[in-house]
Amino acid sequence: MSDKYFKAIDPNEWIRNPQWVQIPLDNGLDNKMYGVYAVFEDEYNVASMLVFGVSDIDWGDGNTETGILSPSSTNYYNVYDYATIPGPILVHRNGGNYKTVLVEVTSDNSSYQSYFQMDDKPPFDTGPSHWLDVVFRVNGTSTDSSSANSYSFSFGGGTRYCPLLERISAKYPISDYGFSRGLRNCFSLSKLDVPSDMFNYITVGSDNIFTSVGALSTARLVFPSINNSNLVGLFSMARNSARCEFGDLNLPGLVDITSLNIHCNLYKVGNVTLPDATEINYLFGGTVGAALIEGIGIIDAPNATRIDYALRGCKMTDVEFTDLSNCTIANNLFGNSAGNVKRLITPNLTVSLDARENNLDATAINDWFTSLGTAAGTQTVNVSDNPGSATCDTTIATAKGWIVIT
Amino acid sequence: MWYRFVEETNEWNKGMNIHLPNDILLNSDNKDEMIDGWKWYDEPPQDFLDWVEARELEDMKMMLKLDKDIE
């Protein structure tokens, strides 16, 4: 039967609520930010933004701010009256009734960068910011924040957070302006409709740029690959994130990158390239239970001296490094937790590594032994409690000076 | 089970079957021997248990430090 009659809904795909107020189609000329804001019944509803490089704000309820002088960095806010907002009454999954309004902010970045801090704290309120769907159709042909025609934003740099935000759409990548806590605590973020180089120019400022994203997402949140040499000093990237899929991570310049993505669950990462990193212990280390990582691509960190705990408790099946010839501490790569590894490749490793209680068959163990370098003195590889423990060829490793525990 | 403490790295190794580079296999058949620092214990030695506990504590401290540093 043709599938034109039955099309299954992909549970990983985000679907925009059709009853939310519509965002105008792109006419190719816009230099605006559009945001759908939820106005809840029986709540003090106040939208607040710290902006610069904008000229006008239409709050969607008849209130406006016009003639804003750039580049002043100013907090603008608007208090909504639920009773006067038109449109259907919707019920949020949290249980509250709400209506939606469309906020339009006109950018003026012909001389300066436009900036939007979407969770700025308004007077007398620290409650959450109720953005649902935000579209940046802002001119971003430049990614140099000191130049015209560039822009940036943050949803987690203030004190309120945007826990209901489900989608961010952007026409251009954001600039090299500090992306401090840019998406922190966007728990419901489920869709990034952004260019492939969206995060390639950001600078750190402070950490936690993607902390807790997707923790309450309604779909699988897919990040583009990140090729960025500006993130020197990044300490934590996506702590506590969930249901996320990251593309390749190519982060030159990072040296001590301990705890890139700790506490994460149910996620996937592409190839990880850290050419300058020396200490990557706890890189993906989970803590509360096992980190249900679906997969991490090839880890290319040829200057790494420490990889202990880098995959602490990670329940992934395939582990491959490109070159570990400089590694001096590796033994607790998987921490104290039993893993689920079916394939392990550690080229040129010369120091002890404990791979017990994994899922390596004899062929996989032999392949691992083949990838090892010559042991640097008295070094041990432990493959006990694996399916192939009893039948692997231990001489592949012992011939290179290793002690093998089966 | 065979146990060995490696002073250089301050780590314990343990296992039922130990394949040494010189083709010697340590298993339950030769548990009365002591070879290259390996020694058989029917129950884990206290020093080993103390080391495991200390390592777990160190790991916990590290996680707390990481959490604190990024708050």
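# A walk through chains A and B

Select β15 of chain A, residues 244-246, and β17 of chain A, residues 267-269: these strands pair in the parallel sense over 2 bridges. The model you are looking at is predicted. Now show the side chains of one pair across these strands. Glu245(A) stands opposite Lys268(A), which belongs to β17(A).

Widen the selection to the whole sheet. It is open, has 4 strands with parallel pairing, and runs in the order β13-β15-β17-β19 of chain A. Colour the two ends: β13 (221-222) and β19 (293-296) of chain A are at the edges. Each has a single partner strand, so one side of each is left without a neighbour in the sheet.

**More parallel strands in chain A**

Next, select residues 131-137 of chain A, which form β9, and residues 167-170, which form β11. These two strands of chain A are parallel and share 4 bridges. Pick out Val134(A): its bridge partner in β11(A) is Ile168(A).

Stay on β11(A) and add β12, residues 191-193 of chain A. Here 3 bridges join the strands, again in the parallel sense. Arg167(A) has Lys191(A) of β12(A) as its bridge partner.

**The nonpolar core**

Hide the cartoon and show the largest nonpolar core, with its 128 residues. Which residues touch the most other members? They are Tyr37(A), Leu165(A), Ile280(A) and Ala310(A). By element, the largest share comes from β1 of chain A, residues 32-40, which gives 6 residues.

Centre on Tyr37(A). Beyond residues up to four places away in sequence, Tyr37(A) touches Ala47(A), Thr100(A), Val101(A) and Val103(A), and also His130(A), Trp131(A) and Leu132(A). As background, nonpolar side chains tend to be buried together in soluble globular proteins.

**A buried aspartate in a loop**

Go to Asp61(A). This residue lies in the loop between β3 (54-58) and β4 (64-65) of chain A. Is Asp61(A) buried or exposed? Asp61(A) counts as buried, because 20 C-beta neighbours lie inside 10 Å.

Now show what surrounds Asp61(A). Leaving aside neighbours within four places in sequence, the contacts of Asp61(A) are Tyr80(A), Thr84(A), Ile85(A) and Val101(A). Draw a distance to Tyr82(A) as well. From C-alpha to C-alpha, Asp61(A) and Tyr82(A) are 10.0 Å apart, with their positions 21 residues apart in sequence as the separation.

**One face of a helix**

Select α1 of chain A, residues 362-371, and show its buried residues: Ala364(A), Ile365(A), Trp368(A) and Phe369(A). Look down the helix axis. The buried residues of α1(A) fall within an arc of 140 degrees, so they line one face of the helix. What do they pack against? Bring up β22 (343-345) and α2 (395-398) of chain A: the buried residues of α1(A) pack against both elements.

**Across to chain B**

Select the contacts between the chains. On chain A, 25 residues are in contact with 17 residues of chain B. Two elements of chain A give two or more residues to its side of the contact: β24 (379-382) and β25 (402-405). The largest share, 4 residues, is from β25(A). Colour the chain A side by residue class: 7 are nonpolar, 16 polar and 2 charged.

Zoom in on β25(A). This strand is joined to β3 of chain B, residues 18-19, by 2 bridges, and the two run antiparallel. Ile405(A) has Ile18(B) as its bridge partner in β3(B).

**Chain B on its own**

Isolate chain B. It holds 1 helix and 6 strands. Along the sequence, the pattern is β-β-β-β-β-β-α. Turn it along its principal axes: the C-alpha atoms fill a box of roughly 55 × 25 × 20 Å. The radius of gyration of chain B is 16 Å, whereas a compact globule of 71 residues would be near 11 Å. Of the 71 residues, 15% count as buried.

Finish on the sheet of chain B. This open sheet has 4 strands in the order β2-β1-β6-β5, with antiparallel pairing. At the edges are β2 (11-15) and β5 (34-35) of chain B, each paired on one side only. For a last close-up, select β5(B) and β6, residues 38-40 of chain B, an antiparallel pair with 2 bridges. Ile35(B) has Trp38(B) as its bridge partner in β6(B).

How values were computed. Residues numbered from 1 in each chain as written. Chains lettered and ligands numbered in written order. Predicted model: local features only at pLDDT ≥ 70, side-chain atom pairs only at ≥ 80, totals over all residues. Contact = placed C-beta atoms within 7 Å. Nonpolar A, V, L, I, M, F, W, Y, C, P; charged D, E, K, R; others polar. Pairing = 2+ DSSP bridges. Rg over C-alpha atoms; globule rule 2.2 N^0.38 Å. Buried ≥ 20, exposed ≤ 12 C-beta atoms within 10 Å, placed from the backbone. Arc of directions from axis to C-beta. Core = buried A, V, L, I, M, F, W, Y, C linked by C-beta atoms within 7 Å.
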